[in-house]
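Trainee: I should like to learn how to read the features of a structural model, one at a time. May we begin with a single residue and its surroundings?

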Amino acid sequence: MSYKIISKKELCTNQYELVIDAPHVVRNAKAGQFVILRAEENGERIPLTIADVNKEKGELTIVFMAVGYTTKILATLEKGDELVDLAGPLGKPTLIKKYGTVVCLAGGYGAAPCYLISKAFKEAGNNVYMIMGARNKDLIFWQDKMKSACDKLFITTDDGSLGEKGFVTQVLEKIMNNEKIDYAIAVGPMPMMRAVANMTKDKDIYTEASMNPIMVDGTGMCGACRLTVGGETKFACVDGPDFDAHQIDFD
């Protein structure tokens, strides 16, 4: 089976979007799930979260930053090239239902999976706020797509080069102080997700965190994504990647 690259785009510095022909994957794919792929015959297997799907065309979109061996190889592939392997969808999808007011917090390259998650919550009848954060404006991508997937988009940058200067937690605090939030989900770096969990716990807002950053093998065999949730040992790849953020032992 071939996994041909339909299009490739550099979204921002060192960050890429690949659209791949993968009808068997997208047929059952849901927000929050991931795939495992190999870029070359003798290459490693890596998990990447599903960023978007086109079920009519059978197209899968992934977004990645070229930082490791395999992602750097992925970044060299062009339209018409093929991946060696592609398996998925894997992991438990984000539980989508009507909560009321939902806030999706996207940090750095964690923004990509938030598109499908936010879109699904909006389609379920929620009022959805999206807060995207990055170090600077050059690392913010998919603004138009994100706007279409939520009711209101907020952008923060550490240096103030786009949107509000500061972190996603500052915008979250303003929203929490002005209205009732029924559910929040954070996808991004560990410190960001931990900070969100600490803030929403005080307000008793049910919050989930996507623990996909710690996944390696993606099948539960390597144990690298082991974490403690509510005193129990879990694996991000097979038990998650979404967990109750207030129950996660971030330490």
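Trainee: In which element is N198 found?

Mentor: N198 belongs to helix 6. Please bear in mind throughout that this is a predicted model.

Trainee: Is N198 buried, partly exposed or exposed?

Mentor: The class follows from the relative accessible area, where partly exposed lies between 20% and 50%. N198 has 47% relative accessibility and therefore counts as partly exposed. N198 and H246 are 48 residues apart in sequence, and their C-alpha atoms are 7.5 Å apart in space.

Trainee: What can be said of helix 6 itself, and which of its residues are buried?

Mentor: Helix 6 has 13 residues and spans 19 Å from its first C-alpha to its last, close to the 18 Å expected at 1.5 Å a residue. The buried residues in this helix are M192, M193, V196, A197, M199 and T200. They pack against strand 8, helix 5, strand 12 and strand 13. Helix 6 lies across strand 8, strand 12 and strand 13, and runs at about 165° to strand 12. After helix 6 comes D204, which has a positive phi near 60°.

Trainee: How should I read the pairing of strands, and what is the order of strands in the open sheet?

Mentor: Strands of a sheet pair through backbone hydrogen bonds, in either a parallel or an antiparallel sense. Here, an open sheet of seven strands has the order 11-10-9-8-12-13-16, and its pairing is mixed. Strand 11 and strand 16 are the edge strands, each pairing on one side only. Strand 10 and strand 11 pair in the parallel sense over two bridges, and T156 has E164 in strand 11 as its bridge partner. Helix 3 packs on the sheet, where it touches strand 8, strand 9 and strand 12; its direction makes about 170° with that of strand 8.

Trainee: Which strand pairs with strand 14 in the antiparallel sense?

Mentor: Strand 14 pairs in that sense with strand 15, over four bridges. T228 has T233 in strand 15 as its bridge partner, and R226 stands opposite F235 in strand 15. The hairpin of these strands has two residues between them, and G230 takes a positive phi near 60° there.

Trainee: Which side chains of strand 14 point to the buried face?

Mentor: The side chains alternate along strand 14: L227 and V229 point to one face and are buried, whereas R226 and T228 point to the other and are not.

Trainee: How is a pair of aromatic rings described, and how many such pairs does the structure hold?

Mentor: A pair of aromatic rings is described by the distance of the centres and the angle of the planes. The structure holds eight aromatic pairs. In one of them, the ring centres of Y115 and W142 are 5.8 Å apart and the planes stand at 75°, so the pair is edge-to-face. This pair links distant parts of the chain, with Y115 in helix 3 and W142 in the loop between strand 9 and helix 4, 27 residues apart. Both Y115 and W142 are buried.

Trainee: Why is the pair of Y183 and Y206 tilted?

Mentor: The planes of Y183 and Y206 are at 50°, with the ring centres 5.9 Å apart, so the pair is tilted. It too joins distant parts of the chain: Y183 is in strand 12 and Y206 in the loop between helix 6 and strand 13, 23 residues apart. Y183 counts as buried because its relative accessibility is 0%, while Y206, with a relative accessible area of 32%, is partly exposed. One aromatic cluster is formed by Y99, F121, Y183 and Y206.

Trainee: Where does K145 lie with respect to Y115 and W142?

Mentor: K145 lies over the face of Y115, at 4.5 Å from the ring centre. The charged end of K145 also sits over the ring of W142, 4.2 Å from its centre.

Trainee: Which residues are in contact with T61, leaving aside its neighbours within four places in sequence?

Mentor: T61, found in strand 5, is in contact with E17, L18, V19, I50, A51, D52 and W142. At 8% relative accessibility, T61 counts as buried.

Methods. Residues numbered from 1 in each chain as written. Predicted model: local features only at pLDDT ≥ 70, side-chain atom pairs only at ≥ 80, totals over all residues. Heavy atoms only, no water. Phe/Tyr/Trp six-rings, centres within 6.5 Å; stacked < 30°, edge-to-face > 60°. Buried < 20%, exposed > 50% of the residue type's maximum accessible area, 1.4 Å probe, protein only. Lys NZ or Arg CZ within 6 Å of the ring centre and 35° of its normal. Expected span 1.5 Å × (residues − 1). Contact = heavy atoms within 4.5 Å. Pairing = 2+ DSSP bridges. Axes fitted to C-alpha atoms, helices over the stretch in contact; angles between N-to-C directions.
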